[in-house]
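Colleague: I'm new to this one. Could you walk me through it?
Modeller: Sure, here it is.

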Amino acid sequence: MNAIQSGIWQPDEGKAYQTVEVRGIPGITAKVYKSISGKGYTSYVLAYSLLGKRKLETFADPSEAKTAGEEAIKKIANGEQEVLELTSNDRNIYLRAQGFVKPFDVALDFAAREWAEMRGILNGSGTPAEAAAFFRKHHDKKIPRISVAKAVEKCLEQSRADGKSDARMHQLEFYLNNFATDQNIEVSDLTPGLISRYLTAMV
């Protein structure tokens, strides 16, 4: 553990390497200090005030320190100080996760709950991504827009072309034409419930 990590090292306020600001967020700044260890290693220390306490973070590159400072200012301005109290590794995980869900405009905790529910349903039989790919493959076929009446008409035409007997055609025409008259909707709107109720009413 170095002096910065242990909290012994304190920046010299008069020797700031760079002051970090974010346009549009007045009154909140961070500072980057250059630190050279006894062994000659150079690092850059980001310092800012968090909940009344001095927060220090060490970086090997000044641009990384500046970027982290800008992110800290934005978090503080948005009231997300608790995120900044995470360890460096935990904060990186949080920021990556936020980046993953941002395109879908969904809260991170909701996304985590949804993921956990999917893992529970799958119970080790596959990953959520594999399940989604399987679902997409078997449910991405568009049903053609055609009315029940038009579908019945095509069905009867095909039955005649197949050489069905007159008695069989009479039977098909009776049931199917009545069904088309009763169900004045498109085929894609048919449901098992509608068909069941129609058949029950015929008894």
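Modeller: One term before we start: a residue is called buried under 20% relative accessible area, exposed over 50%, and partly exposed in between. Also keep in mind that this is a predicted model.

Colleague: Okay, let me try that out. Is L194 buried, exposed or partly exposed?
Modeller: L194 has 24% relative accessibility, so it counts as partly exposed.

Colleague: Where is L194 found?
Modeller: L194 sits in helix α9, which covers residues 192–202.

Colleague: And what is L194 in contact with, leaving aside its neighbours within four places in sequence?
Modeller: L194 is in contact with Q183, I185 and D189. Taking Q183, that residue and L194 are 11 residues apart in sequence, and their C-alpha atoms are 8.5 Å apart in space.

Colleague: Let's switch to the strands. How do β1 and β2 pair?
Modeller: They pair in the antiparallel sense, over 4 bridges; β1 is residues 18–22 and β2 is residues 25–36. As an example, V20 has A30 in β2 as its bridge partner.

Colleague: How many residues lie between the strands in that hairpin of β1 and β2?
Modeller: There are 2 residues between them, and G24 in this hairpin takes a positive phi near 90 degrees.

Colleague: What about β2 and β3, how many bridges join those?
Modeller: 6 bridges, and again the strands run antiparallel, with β3 covering residues 42–50. V32 has L46 in β3 as its bridge partner, and K34 is matched with Y44 in β3. The hairpin of β2 and β3 has 5 residues between the strands, and G40 in the turn has a positive phi of about 90 degrees.

Colleague: And which way does β3 pair with β4?
Modeller: Antiparallel, over 7 bridges, with β4 at residues 53–59. Y48 stands opposite K55 in β4. In the hairpin of β3 and β4 there are 2 residues between the strands, and L51 has a positive phi near 55 degrees.

Colleague: So β3 has a partner on either hand. How many of the residues of β3 are buried?
Modeller: 7 of its 9 residues are buried, so β3 is largely enclosed by the rest of the structure.

Colleague: That makes me curious about the nonpolar core. Which residues have the most contacts inside the largest one?
Modeller: Those are A30, V32, L46, Y48 and I73, in a core of 15 residues. β1, β2, β3 and α2 each supply at least two residues of this core, and the largest share, 5 residues, comes from α2.

Colleague: Is there a general reason to expect a cluster like that?
Modeller: In soluble globular proteins, nonpolar side chains tend to be buried together.

Colleague: Let's zoom in on L46. What is L46 in contact with, beyond its neighbours within four places in sequence?
Modeller: The contacts of L46 include A30 and V32, both of which are also on the list of residues with the most contacts inside the core. L46 is in contact with L56, F59, A65 and A68 too, among others.

Colleague: What other core is there?
Modeller: Another one lies apart from it, with 8 residues, among them V152, L156, M169 and A180.

Colleague: Changing topic: how many salt bridges does a search of the whole structure find?
Modeller: The search finds 4. One of them joins the side chains of K66 and E70, at 2.5 Å from N to O.

Colleague: How are K66 and E70 placed in α2?
Modeller: Helix α2 covers residues 62–77, and because K66 and E70 are 4 residues apart in it, about one helical turn separates them. K66 has 30% relative accessibility, so this residue is partly exposed.

Colleague: Which side chain meets E153 in a salt bridge?
Modeller: That's K150, at 3.6 Å from N to O. Both lie in helix α7, residues 148–161, 3 residues apart, about one turn of the helix. E153 is partly exposed at 38% relative accessibility, and K150 is partly exposed at 37%.

Colleague: And what does R160 pair with?
Modeller: R160 meets E173 in a salt bridge of 2.9 Å, N to O. This pair links distant parts of the chain, with E173 in helix α8 (residues 166–182) and R160 in helix α7, 13 residues apart. E173 is partly exposed at 26% relative accessibility, and R160 is partly exposed as well, at 45%.

Methods:
Residues numbered from 1 in each chain as written. Predicted model: local features only at pLDDT ≥ 70, side-chain atom pairs only at ≥ 80, totals over all residues. Heavy atoms only, no water. Pairing = 2+ DSSP bridges. Buried < 20%, exposed > 50% of the residue type's maximum accessible area, 1.4 Å probe, protein only. Core = buried A, V, L, I, M, F, W, Y, C linked by side-chain atoms within 4.5 Å. Contact = heavy atoms within 4.5 Å.
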